Amino acid sequence: MNILKKRSWAIPEREATPEHVFLNRRQILAGLAGSGALLGTGLGLRPAFAEEDPSAGLYPVKRNPAFTLDRDLTDEEDASTYNNFYEFGSHKQIWQAAQELQIRPWTVTLDGLVDNPQIVDIDKLLSQMPLEERLYRHRCVEAWSMAVPWSGFELSELVKLASPKSNAKYLRFETFLDPSVASGQKQSWYPWPYVEGLTLEEATNELAFMATGVYGKPLAKQFGAPIRLVTPWKYGFKCIKSVVRITFTEERPVSFWEEIQPKEYGFWANVNPSVPHRRWPQDSERLLGTDQRRQTLLYNGYEEQVAGIYKNMTGELLFM
Ligand SMILES: Nc1nc2c(c(=O)[nH]1)N[C@H]1C(S)=C(S)[C@@H](COP(=O)(O)O)O[C@H]1N2
Ligand SMILES: [Mo]
């Protein structure tokens with residue numbers, strides 16, 4: 001008689017688990033590995049980005065040492081997996097859905113009140129623009145922030161290319177519109193396409209930047225490939241992604257968020273720690289990928305470069 005027979009409660013977990021449960025668990029693990037949910041381990045992120053971007057050979061570009069930071073760069077995986085891009089969903093985990101975006105062929109239309117209206121092919125544009133890398137802070141209106149190395153060129157270069165007429169006062173930017181790849185655009189209560197705007201004076205400030213790359217590579221799709229605006233002294237929603245059109249106008253454009261909720265999101269949206277959002281304070285920010293908070297800075301720390309633009313504006317809601 002075998003007195004060493006195992007007690008029923010002593011069997012290995014594998015045998016004790018009904019087979020369908022066991023299989024499900026394996027399938028879930030396999031799915032997680034493929035989906036990049038195991039990012040902490042460094043698995044999963046690369047395969048989705050493996051598709052070659054035709055501009056990959058242009059990067060990395062030379063860093064412009066004039067733009068320095070007061071903090072560490074945000075970890076690339078953290079910045080690449082926590083994004084706002086409502087075209088692909090109204091939450092932060094859109095990076096996989098955004099891989100549906102087709103970024104070639106891609107053109108940017110420059111039109112409206114300009115002497116040189118044109119439709120520029122993205123690769124032609126990239127070949128003629130002076131690409132450089134800049135380290136910028138980014139402050140989302142939701143009170144989180146990051147610091148990233150953008151590659152791209154000054155927006156003033158595009159303004160020069162278009163050559164605005166003397167009556168042009170604003171730039172109106174538009175994101176692509178294609179609900180067949182961007183399922184968020186099927187949500188008809190949003191005023192698609194995403195629109196943003198700047199004054200000509202803001203657009204020609206040296207800080208206003210068109211990013212075409214980040215972290216020494218072409219923009220990953222979730223960052224707004226192949227070209228997005230970066231205005232680091234303003235709340236992040238001004239930094240419109242995947243731009244297809246820039247129209248020079250005499251009238252102030254109404255931006256996407258302003259159209260949805262004008263009491264909370266205005267045209268100017270300059271960062272100011274002492275002007276709270278209607279629903280939360282803006283005096284501090286969470287550094288993405290960490291558990292640290294920092295005091296938010298006036299104009300997100302870029303006061304010296306941009307405060308002059310606004311000094312004679314009275315009666316404007318500059319900080320929302
Ligand atoms: N087209 C488009 N551009 C957009 C958004 C968006 O939803 N759609 N979100 C904005 C917001 S709120 C922020 S904070 C930044 C986020 O950029 P990131 O995902 O590269 O961090 O993109 C901005 N640009
Ligand atoms: Mo944001």
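Leaving aside its neighbours within four places in sequence, which residues is Ser255 in contact with? They are Val195, Glu196 and Gly266, where contact means heavy atoms within 4.5 Å.

Before going further, a word on the ground rules. This is a predicted model, so local features need pLDDT of at least 70 and side-chain atom pairs count only at pLDDT 80 or more, while totals for chains, interfaces and linings use all residues. Residues are numbered from 1 along each chain as its sequence is written, chains are lettered from A and ligands numbered from 1 in the order in which they are written, and side-chain values use heavy atoms, with hydrogens and water left out.

Back to Ser255. You'll find Ser255 in the loop between strand E10 (243-249) and helix H8 (256-260); helices (H or I, at least four residues) and strands (E, at least two) are DSSP runs, numbered from the N terminus. Ser255 counts as buried because its relative accessibility is 1%. Buried here means under 20% relative accessible area, exposed means over 50%, and partly exposed is in between (1.4 Å probe, protein chains only).

Two of those partners, Val195 and Glu196, take us to strand E6. Five of the five residues of E6 (residues 195-199) are buried, so this strand is largely enclosed by the rest of the structure. In a regular strand the side chains alternate between the two faces of the sheet. In E6, Val195, Gly197 and Thr199 point one way, with Glu196 and Leu198 pointing the other way. Next door in the pairing is strand E5 (residues 170-175), which runs antiparallel to E6 over five bridges; two strands pair if DSSP finds at least two bridges between them. Leu171, for instance, has Leu198 of E6 as its bridge partner.

Now for the greasy part. The largest nonpolar core (buried Ala, Val, Leu, Ile, Met, Phe, Trp, Tyr and Cys residues joined through side-chain atoms within 4.5 Å) has 79 residues, and Leu158 is among those with the most contacts inside it. Strand E4 (residues 144-154) gives the most to this core, with five residues. Outside its neighbours within four places in sequence, Leu158 is in contact with residues including Phe153, Met210 and Ile246.

Finally, some backbone oddities. Most residues other than glycine have a negative phi, and most peptide bonds are trans. Yet Ser163 and Tyr215 each have a positive phi of about 55°. Ser163 counts as partly exposed because its relative accessibility is 24%, whereas Tyr215, at 15%, counts as buried. There are cis peptide bonds too: Arg104 to Pro105, with omega near -10°, and Ala225 to Pro226, with omega about -5°.
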